[in-house]
Amino acid sequence: MGACLSSPEGDPEQIRRHKAAEKDLKETKAKLESQVKVLLLGSGDSGKSTILKQMRLIHKVPFTPQEIETYRQLVFNNITHGLQIVLEAMEDLELKVAEENQAHVEMILDAPDLADGDPFPIRYKDPLQALWKDPGVVRAIERSNEAALPENLPYFFSDLSRLFDPAFQPKEQDIIRSRARTTGITETVFNLRTHNMHMLDVGGQKSERRKWIHCFQEVTSILFLVSLSGYDQCLVEDKDANQMQDAMTIWDSICHSQWFKHTSIILFLNKDDLFMEKIKHSNIKNTFPDYDGLPGDAAAGRDYFKRRFTRLSAKANRINEREIYTHFTNATDTALLKVVMAAVEGKLILLP
């Protein structure tokens, strides 16, 4: 009769096992009820891994000495490999490095990876500075949307002297700004007041998306990230595709997937700081003809993209099945993100 445990009579050993089983069931149920599982989803370069690093800072989950050393090496890789990407893109952009800087190009293209404990090779400092100031490179950076160039280069190149100090150790902002492509699935657990939050970061490039399906079970909420500044930008893996259009396609499929029919979704329209700078000289209407706001109007642009994503989530008349929470964010701003995530975590705990 039924699937519940019946109470044995007489045998003390059976009674002990029965009580132990009941205790395990209660503990397992309590543990599951105290967990929230959040998927970080979005297209590549939307800021998912940055959010995860910020969460570690906010919740005081320290980076290990080996992780810090890995980030130190990654900063050098971001500088040299990032500039390699710029130099390679210049050919498609029909730009050239000045004659006096040509000798530096081969050196940068052959830059090594650092081993544990190796300082940044000082011989690279002056060539890097010279190339960063090269008129062709400057023009390429201005046209970065055409080639999906790394967004962290201005941050690192503005402080090369500090980075090339033999005693350099990455500070929090260096770790947040460093970039490595996410492959596979990374799970990090954060202790909230009454719950444990399991946050899963999965690769956003097209080749990684097939792996998302393995994360769908028992999901409390989806944190979906969109790069606001990607409205005029191509994808890293597909120069003919638009970042924002790609994000809308993924968003549409997520909102209407059977897996997430009743799952709450939190939308982060991210990189608001880059968006505010870009919109001053790049008209949204050039890539989204139905945009009717004024050129350079950041508030109108934000409202336009929020409405676009809201309409997609409302399609198929599912708007009443769950709420969509929207926030404008800058994932590199720890103070701002701390406020936003406090509100997000409060919602997650209250979800049924």
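**View 1. Looking for disulfides among the cysteines.** In this predicted model, the count of disulfides comes to zero. Two cysteines are worth finding while you are here. Cys234 has a relative accessibility of 6%, so it counts as buried, the cut-off being under 20%. Cys255 has a value of 1% and therefore counts as buried too.

**View 2. Helix α3 from end to end.** Helix α3 covers residues 65–92, which makes 28 residues. How far apart should its ends be? At 1.5 Å a residue, these residues should span 40 Å. The C-alpha atoms at the two ends are 41 Å apart, so the model agrees with the expected span.

**View 3. Just past the end of α3.** Follow the chain onward and you meet Glu94, just after α3. Glu94 takes a positive phi, with a value of about 60 degrees.

**View 4. The largest pocket and its centre.** The space in the largest pocket comes to about 1000 Å³. Its lining is made up of 45 residues. Which of them lie nearest the centre? Look for Asp45, Pro150, Glu151, Arg179 and Val236.

**View 5. Who lines the largest pocket?** Helix α3 returns here: it gives the most to the lining, with nine residues. Helices that each supply at least two lining residues include α2 (48–58), α7 (153–157), α9 (172–177) and α11 (272–278). Sorted by class, the lining has 17 polar, 15 nonpolar and 13 charged residues.

Terms used: Residues numbered from 1 in each chain as written. Predicted model: local features only at pLDDT ≥ 70, side-chain atom pairs only at ≥ 80, totals over all residues. Heavy atoms only, no water. Disulfide = S-S within 2.5 Å. Buried < 20%, exposed > 50% of the residue type's maximum accessible area, 1.4 Å probe, protein only. Helix = DSSP H or I, 4+ residues; strand = E, 2+ residues; numbered from the N terminus. Expected span 1.5 Å × (residues − 1). 1 Å grid on protein atoms, 1.4 Å probe; cavity = no way out; pocket = protein on both sides within 12 Å on 5 of 7 lines; lining within 4 Å. Points joined across faces, edges and corners; volume = space filled by probe spheres on them. Nonpolar A, V, L, I, M, F, W, Y, C, P; charged D, E, K, R; others polar.
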